[in-house]
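Q: Please take a close look at one part of this structure: the nonpolar core and what surrounds it. I would like one connected account.

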Amino acid sequence: MFELLFSLSSIGIVVWLLMIVLPTWRVTRVLADLKIFPIFLSILYIVGIITVIFMNGIGFMQYFSSSTGVIQLLSEPNFALLVWIHLLCFDLFVGHSIYQENLEYRYIPLPLQSIILFLTLM
């Protein structure tokens, strides 16, 4: 289940490439305006969290209070994949916000925007 979510989440790289390489292309702007990719990744993350809760209950949250607990959680492959989806979702949300706001207000030139988006992705 989690590997499928992980595989589906890899489609997010498409919007990253579009925002970085073709920021003014009409397709890029339409996809950004529709917010399809951030919503899609958010749905994948929600499905993953609900699955974790159904499988383990909410007891896993107790591990967040210590570094040892977080390491223990991340050592479980399914949970590590879910955390990766969370990071992809968050990064895309931030990158998407940078992209849309800069296209609207032109704070910085587009080549600099592309560099900032690439660094956000990394």
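A: What follows starts with the whole chain, moves into the core, and ends at the loops and the surface.

The model is predicted. The protein chain holds 7 helices and 0 strands. From the N terminus on, its elements run α-α-α-α-α-α-α. The C-alpha trace spans about 45 × 25 × 20 Å along its principal axes. Of the 122 residues, 32% count as buried. Take the contacts between residues at least 6 apart in sequence: 69% of them join residues at least 24 apart.

Now the core. In soluble globular proteins, nonpolar side chains tend to be buried together. Here the largest nonpolar core has 26 residues. Those with the most contacts inside this core are Phe2, Trp16, Met19, Val52, Leu92, Tyr99 and Leu117. The elements giving two or more residues to this core are H1, H2, H3 (26-34), H4, H6 and H7. H6 gives the most, with 8 residues.

Start at the N-terminal end of the core, with H1. This helix covers residues 2-9. Its buried residues are Phe2, Leu5 and Ser9. Seen down the axis of H1, these buried residues fall within an arc of 55°, so they line one face of the helix. An α-helix has 3.6 residues a turn, so residues three or four places apart point the same way. What covers the buried residues of H1? The cover includes H2 (12-21), H4 (36-56) and H6 (77-105).

Phe2 is a good residue to follow from there. It is listed among the core residues with the most contacts inside the core. Leaving out residues up to four places away in sequence, Phe2 touches Gly48, Thr51, Val52, Met55, Asn78, Leu81 and Leu82. One of these partners, Val52, is also on the list of core residues with the most contacts.

Next, Met19, another residue on that list. Two residues that touch Met19 deserve a look: His96 and Ser114.

His96 has its place in helix H6. Is His96 buried or exposed? Its relative accessibility is 5%, so His96 counts as buried. Besides Met19, His96 is in contact with Ala32, Lys35 and Pro38, leaving aside neighbours within four places in sequence.

Ser114 is found in helix H7, which covers residues 110-121. At 13% relative accessibility, Ser114 counts as buried. The cut-off for buried is under 20%. Not counting residues up to four places away in sequence, Ser114 touches Met19 and Ile20.

The residue after Ser114 reads otherwise. Ile115 is also found in helix H7. Its relative accessibility is 49%, so Ile115 counts as partly exposed. Exposed would need over 50%. The C-alpha atoms of Ile115 and Ile20 are separated by 7.6 Å. Along the chain, these two residues are 95 residues apart.

Back to Lys35, one of the contacts of His96. Lys35 lies in the loop between H3 and H4. At 37% relative accessibility, Lys35 counts as partly exposed. The backbone of Lys35 has a positive phi of about 60°, although this residue is not a glycine. Most residues other than glycine have a negative phi, and most peptide bonds are trans.

Which other residue has a positive phi although it is not a glycine? Arg106 does, with a phi of about 50°. Arg106 is found in the loop between H6 and H7. Its relative accessible area is 42%, so Arg106 is partly exposed.

Then the outside of H2. Val21 is found in this helix. With a relative accessible area of 56%, Val21 is exposed. The C-alpha atoms of Val21 and Ser9 are separated by 20 Å. Along the chain, Val21 and Ser9 are 12 residues apart. Ser9 itself is among the buried residues of H1.

Last, the surface of the whole chain. The protein chain exposes about 7600 Å². Carbon and sulfur atoms supply 73% of this area. On charge, the chain has 4 positive and 6 negative side chains. The centres of the two sets lie 18 Å apart.

Methods:
Residues are numbered from 1 along each chain as its sequence is written. This is a predicted model: local features need pLDDT of at least 70, side-chain atom pairs count only at pLDDT 80 or more; totals for chains, interfaces and linings use all residues. Side-chain values use heavy atoms; hydrogens and water are left out. Buried means under 20% relative accessible area, exposed over 50%, partly exposed in between (1.4 Å probe, protein chains only). Helices (H or I, at least four residues) and strands (E, at least two) are DSSP runs, numbered from the N terminus. The arc is that of the directions from the helix axis to the C-beta atoms. Contact means heavy atoms within 4.5 Å. Accessible areas come from the Shrake-Rupley method with a 1.4 Å probe; for residues, only the protein chains shown count as cover. Lys and Arg count as positive and Asp and Glu as negative; His and the chain ends are not counted. The place of a charge is taken as NZ of Lys, CZ of Arg, CG of Asp or CD of Glu. A nonpolar core is a set of buried Ala, Val, Leu, Ile, Met, Phe, Trp, Tyr and Cys residues joined through side-chain atoms within 4.5 Å.
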